Amino acid sequence: MDREKLKNVISEVLKDVDVVIGYKEGFDKLHATPCFITKPEQIDQIILNPLCVQNLASYLPSLKKKVGVVVKGCDSRTIVQYMQEGLINRENVVVIGIPCTGIVSVKKVLSKINHQPIVDVIFGDGSTVIVKTQAGEEKLSISDVSPDKCRTCLYPTPVIHDHLAGDPVRSDKKPEDVYKDVEDLSAMSLEERRAYWEKEFDRCIRCYACRNACPMCICQDSCIAESREPHWISQKSNLTEKFMFHMIHALHLAGRCVECGECERACPMGIPVNMLKKKINHDMKELFDYQPGVNPEDKPPMFTFNVEEKKIEEHKL
Amino acid sequence: MADTGFIPKEKWKAFIEGLSTKAQVWVPCLEGDTVIFRPFSKERNLCFERPANSSPKSVIFPQSDTLFSFKFTKDPETPQKVEVELTENKDFPKTILFGARPCDARGFTVYDRPYTETDTPDPYYKGRREQTTIVTMACQTSWAGCFCTSVEGGPADKTGSDAMITEVEKGYFVEPITEKGKSLLQEPGVEDGSAYQGEARKEQDAVRAMVKKPFGDTVRPKVSKELFDKDEFWEEALAKCLSCGACTYLCPTCYCFNITDEHQTDKGERIRSWDGCMYYHFTLEASGHNPRPTKFQRYKNRVGHKFLFYPEKYNNVIACSGCGRCIRYCPVSVDISEIVSNLQEPGAEAPAQGGNDKKAGSASNG
């Protein structure tokens with residue numbers, strides 16, 4: 001990840017757009033935060049390292065201006081999906097691609113350092129990160145603290161971009177491994193799986209961070225979870241209602257989820273909510289041989305209709 | 001009887017278990033990598049090493065609370081006539097909130113002013129509050145985002161607590177603060193704590209020095225109304241906000257709610273559930289008009305409530321206890337302490353808390 005190259009690209013792009021969205025250092029050295037660059041003198045704030053975790057493409061549908069956006073490979077799929085669904089005007093978006101060598105999960109780092117306050121974070125040779133805390137220093141291998149999505153990432157280089165700030169990176173991951181975690185979970189018995197999800201969802205506080213961080217959750221202020229007229233879901237904070245909300249979230253993303261993992265990253269209660277969406281994506285892949293956010297020309301299966309589907313044999317029953 | 005107590009490490013769990021035979025005890029538990037308050041049971045994996053991800057406000061102010069249940073019965077003779085039967089919920093069991101942090105305990109004093117210290121106290125909040133003993137754990141370090149000492153609190157601030165526990169090398173030092181708290185000293189296994197007082201104080205002072213100070217030396221940041229009213233400031237500062245409710249729902253001082261009737265065909269419940277000012281629906285009016293249609297206006301209200309309106313109404317008390325959860329868990333790292341710092345009137349300190357507020361700065365040697 002080449003920060004200088006990125007800064008040069010942003011300087012150029014900024015001449016033609018109203019705002020460029022990138023990353024800057026957040027409230028401590030471990031947390032990056034999105035930044036909205038409108039003036040050349042702000043470019044020096046820009047950082048680029050494995051802490052740049054947020055999916056910045058998520059802001060695009062709500063911005064009614066010309067925007068430059070910094071995207072990693074995973075984030076770029078969001079833009080493709082937006083194009084498929086007509087949610088952005090491509091002419092108003094300048095995509096600044098980052099060939100990505102992997103990011104870190106802040107939650108995993110915090111867990112490794114026992115949640116001690118951060119003094120400094122230093123990226124060494126590209127494969128390690130040194131985290132200095134008030135209690136001492138910890139050298140971590142990036143692969144040990146990478147989010148699950150990086151471990152099976154097939155698109156480290158953005159699938160769509162107008163500029164590429166670095167040399168393309170090839171994936172060395174196998175496509176058949178992408179849904180291994182889903183298959184492992186599906187291998188559990190129904191009772192085990194039910195118990196697993198009940199335990200996880202019991203922690204949900206219905207704060208909707210997962211929904212609002214999701215780039216494809218486009219209902220936003222009209223979400224059925226909060227709609228008071230009609231009153232679809234009760235405001236009770238019991239397991240049934242929590243389950244209901246998460247199931248609806250997952251189902252609304254069938255064949256649309258670009259697996260950026262923002263829902264799970266945003267969850268303050270550590271619930272593996274991304275797994276549900278991956279499960280449905282896995283089914284969509286099996287049924288329709290479709291992968292969201294890869295090719296702008298594709299039509300998402302739920303946006304179209306075929307009298308005969310190759311793998312759905314309803315007419316032969 | 002001794003004024004303070006001491007519980008050796010090996011008797012710690014038995015002590016908590018003992019409490020659980022007398023009341024419902026809520027304790028911080030580790031689930032995966034998340035710390036959450038749960039009712040105590042022997043199987044729970046207790047965690048006192050760091051503050052819970054979510055504040056324990058739900059113990060006294062549940063996320064959804066049944067105010068009453070109702071049932072409609074049709075008169076078989078005259079079907080137009082419907083009887084309504086109401087059952088009020090008055091079930092407030094004796095509770096011990098064990099292992100809250102000083103910022104959590106201070107949070108309840110923020111709720112007390114609108115909910116109990118008025119002419120029309122809230123019976124549900126008041127009922128639970130009176131039944132609850134708050135046993136607080138002094139913080140062993142300062143965590144990411146913490147800024148309690150800049151809003152009049154501290155890692156061993158006693159405001160709102162009935163007793164405070166400080167971890168020392170060989171065990172736990174217990175300081176009762178209220179009458180409710182004093183009963184802890186009579187529990188089996190609690191020894192005389194006087195020998196550990198010095199060690200505990202030293203521990204508390206060391207942690208106090210670690211907490212970051214986003215507002216410089218002031219402990220009462222004074223928000224400039226002129227800066228506060230500039231919409232451009234909010235638009236810029238909140239461009240990244242996702243407008244989710246993580247900050248409000250994790251917050252130990254956010255107390256807004258909504259009331260809904262949850263119907264089935266002939267029966268139902270009127271429930272009160274948490275609401276948050278970061279949601280679009282929060283201010284949506286029946287006409288369809290929304291006075292706060294954008295996220296920056298909503299966050300402006302959030303900061304305004306905590307640092308301007310509440311202090312104006314309640315003797316200059318700031319309605320933020322600096323727990324840092326909204327900073328720590330914000331998906332895009334919105335930092336309320338940075339925002340307030342940028343709104344500070346240069347060189348000004350807010351006036352001291354009013355003398356007629358009984359909670360103001362009480363018993364605070366944190």
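Helices, taken here as H or I runs of at least four residues, are DSSP runs numbered from the N terminus. The model examined in these exercises is predicted.

**Exercise 1. Describe helix α9 of chain B and what follows it.**

Step 1. Establish the extent. Helix α9(B) covers residues 295-313, which is 19 residues. From its first C-alpha to its last it reaches 25 Å, close to the 27 Å expected at 1.5 Å a residue.

Step 2. Look for a bend. A kink of about 55 degrees is centred on His305(B).

Step 3. Identify the buried residues, for which 20 or more other C-beta atoms must lie within 10 Å of the residue's own. Among them in α9(B) are Tyr299(B), Val303(B), Phe307(B), Leu308(B) and Pro311(B). Charged side chains also appear in this set, including Lys295(B), Arg298(B) and Arg302(B).

Step 4. Find the cover. The elements over these buried residues include β11 (221-223), α6 (225-228), α7 (231-237) and α11 (336-343) of chain B.

Step 5. Inspect the end. Just after α9(B), Asn315(B) has a positive phi of about 50 degrees.

**Exercise 2. Carry out the analysis for helix α10 of chain A.**

Step 1. Helix α10(A) runs over residues 274-288 and has 15 residues. Its reach from first to last C-alpha is 21 Å, close to the 21 Å expected.

Step 2. The buried residues of α10(A) are Asn274(A), Leu276(A), Lys277(A), Lys278(A), Asn281(A) and Met284(A). In chain A, α5 (180-186), α8 (239-252) and α9 are among the elements that cover them.

Step 3. A positive phi of about 50 degrees is found at Asp289(A), just after α10(A).

**Exercise 3. Determine how strands β2 and β3 of chain B are joined.**

Step 1. Strand β2(B), residues 24-31, pairs with strand β3(B), residues 34-39, in the antiparallel sense over six bridges.

Step 2. Within this pairing, Val27(B) stands opposite Arg38(B).

Step 3. The two strands form a hairpin with two residues between them. In the turn, Gly32(B) has a positive phi of about 65 degrees.

**Exercise 4. Characterise the contact between chains A and B.**

Step 1. Count the residues: 34 of chain A are in contact with 40 of chain B.

Step 2. Name the contributing elements. On the chain A side, β2 (32-37), α3 (106-112), α7 (209-213) and α9 (262-266) each give two or more residues.

Step 3. Classify the residues. The chain A side divides into 13 nonpolar, 13 polar and eight charged residues.

Methods
Residues numbered from 1 in each chain as written. Chains lettered and ligands numbered in written order. Predicted model: local features only at pLDDT ≥ 70, side-chain atom pairs only at ≥ 80, totals over all residues. Pairing = 2+ DSSP bridges. Contact = placed C-beta atoms within 7 Å. Expected span 1.5 Å × (residues − 1). Bend = angle between axes of the 7 residues up to and from the residue. Buried ≥ 20, exposed ≤ 12 C-beta atoms within 10 Å, placed from the backbone.
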